[in-house]
Amino acid sequence: MNQRLVLPSMLLAAMAAHAQDTSPTSPPAETAKLEEVVVTAQKREERLQDVPVAVTAFAGAQLKALDVESITDLSALAPNLQVQPSVNNNTGMMIAIRGAAQQNPALYWDATVGLYVDGVYVGKNLGSVFDILDLQRVEVLRGPQGTLYGRNTLAGAVNFVTQPPSGELGGHASVKLGNYDLRSAKASLDLPRMGIASVSLAARAEKRDGTTKTLPGSAVKELNTRDSTSARVAVDLDFTDTFQAAYRFDYSDTDQVVNHSYLSRANPAILPFLQPYVTHDRDARVGVDGPAFEHSKSMGHSLTLTWDVNDRNTLKSITAYRDLKWDDLLDLDGSPLPVAQTERLSDYDAFSQELQLVGNTDRFNYVGGLYYFKDDGFAFNPQTFFFGTANYDSRYGFGTKAWAAFGQVDYKATDALTLTAGLRYTREERNGERYLAFNDGTSPAYFPIVPLGTKADDTFSDTTPVFIVAYKFSDAVNAYVKYAEGFKSGGFNGEANSLAESITPFQPEKLKSYEAGLKTSFADGRAIVNLAAFQNDTDDMQLSIFTAAGASSSIIRNAGKAEVRGFELEATWAPSDAFRLQGSYGYLDSKYDEFIDEGVNQADNRAVIHAPENSFNVLVDGRLARTSWGDLRASLDYTWTDDYYTYPYQLASSGPNYNPLRPIAGDTVVKSYGVLNGRLALSDIDFGGVQGEVTLWSRNLTDEDHIVNYIDFGPLFGNLTDAYYLEPRTYGLELSIKW
């Protein structure tokens, strides 16, 4: 047997042997039930199985078994959910749901999937990867959610819900050690209630050496390091029985070295000097010339006021402010030669205000509200290429003012039949500014390409509805059909390489979604199977097409019409209180119906990005034995993702539709890959009122060597192509206590 599979096989065998644990202290199998998960997907608390929405929720033991601490830990754990770090960076991410994604991480872009922390919208891909301390629950909502969620939830929304203060003295702490000299410490403290106030505090720090070492003479000693600190403060104030306030503060500071850009391809006729550095492996030691770094500092404040007007109506105000300072310096040629280097020095802040009214009558549940959002950002993006002979002064700014009014009503026509209708009106004012200048290295003077002071603005609006028919056959079987529309605002290209492109707005992206779902539970509450089938029709899909012409720039096109059909399956089974088996599967069939490029419909010759045809996840979690020290538990989770394209480039590599001056999508296909993670823990160790746990853990347990993303500079830049690999196997020991 392959040695890499020995440990997983042994663990699975042991779990199977103990699945029907009948020790005297164990409840019999027939009394074991799955943890009932309560979600707020529709702005009120509901059982997960009662919500007529395709939503996956993780809470309690699941979060622990999966070791979820940030958005990047969720990839493939929900059907048709894909999360990848941004190329080069570890504090930015690309998130796709049902094949809808925004792959360009630049700050002027809005995400296609809405990310929320305690009800507050996190507006950008860059800087969105930060530790979320005291995490209570994660909800992944698939499909448009625009009726009830802030903005830009065209593909779906991911909600992180943190643990509120308990008002009682308690807490937990842990220390994690691992390979690459990993050192991590985390602590959370709940303070006793003080008058009307309940307070909790949390902090985390992590350091780790790089997974890639560099050769002598390189600008840095190693790449892909970890160095971060984070903190959280939560304060709940109970002014009266009907009026409460909840303040949340989070802080994250990351200062580390970026991933290596492995040079996987370069045209020998154009870039002969790079040929010695082309590699098709994740080399453990490389040469770089740039002092690569990644700095991300984010801070968020939110204040939620809740007033129970009466027994049936609650008025809520959510006020939030987020600030981000994000800088990086990248060596993009994967060599010790100064061929391609780019830097981004960015500043971004956002303010939002939301008012909600949530209520009910005997037959109706309703939600209504108003929403305001404002953000501003600026990035200085200097670039240098080809030994300093092509230098660019690139700068862009952007801003948004958005208003929305929304409402949704559920009508319980009978005890079994519920009809839902919702509507959201959104209006956004967008602005952009751009400056781009060129220098050939022979003098300090820069030649303007896009003049200083170039500015543009425009306004976009839309009204998006939702209609749901839900039928409850029994307490264990629910079915629904849903129609929803999504809207993502237009804007301006911050990386444009011409005046015309800078001041011409790209148009809003709109989506119509048709969905049918079935949610079932059986075996006395020990098993759940949920199904969903959908079709998404997208108009004016926003695509960023990297050209590498005139700086590291992109053009933006609205790709006409796209169609994505799919199927999703989620299942969980707990045959006893000692064993849990959970799995999910997603299927996607994606195509363009229209893709107008230079006046020609290229629908059959363009790739749909980040839309793997098949993906699945399996989690096995079980108690292997009960000892005098504590419970010995083990978990394995395996995720598998099919091939997917990373750029919306041409599919043809020859023939009449092939353009030799443009990149080919097939050159940057990510091949199918799987990742296995594992944990082995001795838990519930009693230290006289303090509970302890010792855990052995590993991520990418079998040390798979896969490319997960690319940058393709295209024929105009000698087909220079960077590859970014899955992080190698990491493993270690974690010690934790809870009191």
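A residue is taken as buried when its relative accessible area is under 20%, as exposed when that area is over 50%, and as partly exposed in between. In the predicted model described here, lysine 510 is partly exposed, because its relative accessible area is 36%, whereas aspartate 462, at 15%, is buried. The side chains of these two residues meet in a salt bridge, with an N to O distance of 3.9 Å. Lysine 510 belongs to strand S28 and aspartate 462 to strand S26 (residues 447–474), so the pair ties together parts that are 48 residues apart in sequence.

The count of salt bridges comes to 45. Among them is the pair of arginine 565 and glutamate 563, whose side chains meet at 3.2 Å, N to O; arginine 565 is partly exposed at 43% relative accessibility, and glutamate 563 is buried at 13%. Another salt bridge is formed by aspartate 631 with arginine 626, where the closest N and O atoms are 3.5 Å apart. Here aspartate 631 counts as buried, with 14% relative accessibility, while arginine 626 is partly exposed, with a relative accessible area of 34%. Beyond such pairs, Asp67, Asp73, Lys176, Arg679, Arg699 and Glu734 are joined into one network by salt bridges that share partners.

Glutamate 509, which lies in strand S28 (residues 509–522), is buried but has no salt bridge, the nearest side chain of opposite charge being that of lysine 488 at 4.6 Å. Since a salt bridge requires a side-chain nitrogen of Lys or Arg within 4 Å of a carboxyl oxygen of Asp or Glu, the separation of 4.6 Å between glutamate 509 and lysine 488 does not qualify. A polar atom of the glutamate 509 side chain instead lies 3.0 Å from the backbone nitrogen of glutamine 542. Apart from neighbours within four places in sequence, the contacts of glutamate 509 include Leu154, Gly486, Phe487 and Lys488, as well as Thr538, Asp539, Asp540, Met541 and Gln542.

Serine 502 is located in helix H3 (residues 499–503) and counts as buried at 6% relative accessibility. Its side chain reaches the backbone oxygen of serine 498 at 2.8 Å, and, with residues up to four places away in sequence left out, serine 502 touches Arg434, Val450, Thr454, Ala456, Phe492, Asn493 and Ala496. The C-alpha atom of serine 502 is separated by 25 Å from that of valine 113, a residue 389 positions away along the chain. Threonine 730, in strand S44 (residues 730–738), is likewise buried, at 7% relative accessibility; residues that threonine 730 touches, not counting those up to four places away in sequence, are Asn179, Tyr180, Arg208, Trp697, Ser698 and Arg699.

Positive phi values occur in two residues considered here that are not glycines. Aspartate 134, with phi near 55°, is placed in the loop between strand S7 (120–122) and strand S8 (135–142) and is buried, with a relative accessible area of 15%. Alanine 523, with phi of about 55°, is found in the loop between S28 and strand S29 (527–539) and is partly exposed, with a relative accessible area of 30%.

At the surface, Phe364, Val409, Tyr411, Leu419, Val469 and Val481 make a nonpolar patch of about 450 Å². Of these residues, valine 481 is situated in strand S27 (residues 477–488) and is partly exposed, with a relative accessible area of 45%.

Definitions and conventions
Residues are numbered from 1 along each chain as its sequence is written. This is a predicted model: local features need pLDDT of at least 70, side-chain atom pairs count only at pLDDT 80 or more; totals for chains, interfaces and linings use all residues. Side-chain values use heavy atoms; hydrogens and water are left out. Patches are made of residues with over 30% relative accessible area and no salt bridge: like charges are joined within 9 Å, nonpolar side chains (Val, Leu, Ile, Met, Phe, Trp, Tyr) within 5 Å. Accessible areas come from the Shrake-Rupley method with a 1.4 Å probe; for residues, only the protein chains shown count as cover. Helices (H or I, at least four residues) and strands (E, at least two) are DSSP runs, numbered from the N terminus. Buried means under 20% relative accessible area, exposed over 50%, partly exposed in between (1.4 Å probe, protein chains only). Contact means heavy atoms within 4.5 Å. Lys and Arg count as positive and Asp and Glu as negative; His and the chain ends are not counted. A polar contact is a pair of N or O atoms within 3.5 Å; within protein, one must be able to donate a hydrogen and the other to accept it, and residues adjacent in sequence count only if both atoms are side-chain atoms.
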